[in-house]
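Trainee: I am new to this structure, and I would like to take a close look at a single part of it before turning to anything else. Could you walk me through the packing of the helices and the aromatic rings that go with it?

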Amino acid sequence: MTILAACGGALLAAGIVLLVSELTRRAPAPGTPPGPRTLRSLLPGTSARRWLLALAALLAVLAITRWPVAAIAAAAGVIFLPRLTSSRDQRRRTATLEALEQWARRLADMLTASRALEDALEASARSAPAAIAGPVGALARRLSARTGTETALRAFAAEIDDPAGDRIAAALIIATSRRGGGAHAVLSALAEMLGRDVAARREIEAERAQHRTTVRWITIFVCAFTVFAVLNRAYSAPFGTVAGQVVLAAVAGMYAAGLAWLHRLGSIPAAGRFLDPPAVAGQPAGIPAAQQVTGRRR
């Protein structure tokens, strides 16, 4: 029992250290492709209501079972399970790409009408798709306030936070340095590429929906089994010991790893951005983005 208690304490301490290390990890440098989804990537955007529900679940399970591992697992489930079983992020990103495609086509048509690039960008805010209406409106306001075109476009790309937005912003920055030359052809080509990307993503999303269905069914099974274990005291009595808590922690960890793996299989990883925002750009504002990208590749 002494050895098991020591092992349990060591596992608990290691878990706390790993949690603190994950939460305090520094963000990667701009342009670094993202790795697998981590604990830190799942925490942003968690509402205060979700944290309160997690705290309530922790206290309720602890009061009913007197098992600290079960209480921690319940709180973690309240926080992470909605994200693991939801495809909201993927749908939002697909909607953003589709909106960028429509906006790029409209902007290319405006440039065909012999309008200056800055005027076309400001006018495009009046008919921007809903998914990117905020960033496009902010871009138009910056240009109206006489902010530099490159600075405004970099800020626009940072708000979109997607490589597709970087490509469009970089093309417009280069067109600005060349006084609009070739912007229509480049925007039309980018819009066509985005259209193919959106169509492919919708097909992939339909195929990967089965992974999220599997995650939901496993979640339902685990919750039902947990309720059964709590109600059946004779079955769950061994988990009340120190050794039982260690075993319960191992089982909960394996379930969590399996659910995270299934979620990763059902998610489309995002590519890394390449255009730095104005605040951290390593080049002077007058250098076009194409020179930054070329220099970085070298």
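Mentor: What follows starts with one pair of helices, stays with the aromatic rings found there, and then moves outward to other parts of the chain.

Please keep in mind throughout that this is a predicted model. Two packed helices are described by the angle between their axes and the distance between the axes, and both values are available for the pair I would begin with. Helix 10 covers residues 183-231 and helix 12 covers residues 242-265, and their axes come within 8 Å of each other while crossing at roughly 160°. Because angles over 145 degrees count as roughly antiparallel, helix 10 is roughly antiparallel to helix 12. The crossing of these two helices, helix 10 and helix 12, is left-handed.

Which residues in helix 10 and helix 12 meet? On the side of helix 10 they are R208, H211, T214, V215, I218, T219, F221 and V222, and on the side of helix 12 they are Y255, L259, L262, H263 and L265. Sorted by class, this contact of helix 10 with helix 12 has eight nonpolar, four polar and one charged residues.

One of the residues in that contact, F221, leads to the aromatic rings. A pair of aromatic rings is described by the distance of the centres and the angle of the planes. F221 forms a stacked aromatic pair with F225, at 6.4 Å centre to centre and with 20° between the planes. Both of these residues lie in helix 10, where F221 and F225 are four residues apart, about one turn of the helix. F221 is partly exposed, with a relative accessible area of 48%, and F225 also counts as partly exposed, at 37% relative accessibility. Together with F228, the residues F221 and F225 form one aromatic cluster.

To set this beside the rest of the chain, a search of the whole structure finds four aromatic pairs. Among them is the pair of W103 and F156, which is tilted, with 5.2 Å centre to centre and 40° between the planes. This pair links distant parts of the chain, since W103 lies in helix 5 (residues 88-112) and F156 in helix 8 (residues 149-160), 53 residues apart. W103 counts as buried at 1% relative accessibility, and F156 counts as buried at 0%.

Another helix contact can be read in the way used for helix 10 and helix 12. The axes of helix 6 (residues 117-124) and helix 9 (residues 163-177) come within 10 Å and cross at roughly 145°. Here L117, E118 and L121 in helix 6 meet L172, A175 and T176 in helix 9, and by class the contact has four nonpolar, one polar and one charged residues.

Finally, two loops deserve a look for their backbone angles. R66 is found in the loop between helix 3 (48-65) and helix 4 (68-84), and its phi is near 65°, a positive value in a residue other than glycine. At 64% relative accessibility, R66 counts as exposed. R146, in the loop between helix 7 (133-144) and helix 8, has a positive phi of about 65° although it is not a glycine, and R146 counts as exposed at 70% relative accessibility.

Technical notes. Residues are numbered from 1 along each chain as its sequence is written. This is a predicted model: local features need pLDDT of at least 70, side-chain atom pairs count only at pLDDT 80 or more; totals for chains, interfaces and linings use all residues. Side-chain values use heavy atoms; hydrogens and water are left out. Axes are lines fitted to C-alpha atoms, for helices over the stretch in contact, and angles run from 0 to 180 degrees between N-to-C directions. Angles under 35 degrees count as roughly parallel, over 145 as roughly antiparallel, 65 to 115 as roughly perpendicular and the rest as oblique. A crossing is left-handed if the near helix is turned anticlockwise from the far one by less than a right angle, and right-handed if clockwise. Contact means heavy atoms within 4.5 Å. Ala, Val, Leu, Ile, Met, Phe, Trp, Tyr, Cys and Pro count as nonpolar, Asp, Glu, Lys and Arg as charged, and the others, Gly among them, as polar. Rings of Phe, Tyr and Trp (its six-membered ring) pair if their centres lie within 6.5 Å; planes under 30 degrees apart count as stacked, over 60 as edge-to-face and the rest as tilted. Buried means under 20% relative accessible area, exposed over 50%, partly exposed in between (1.4 Å probe, protein chains only).
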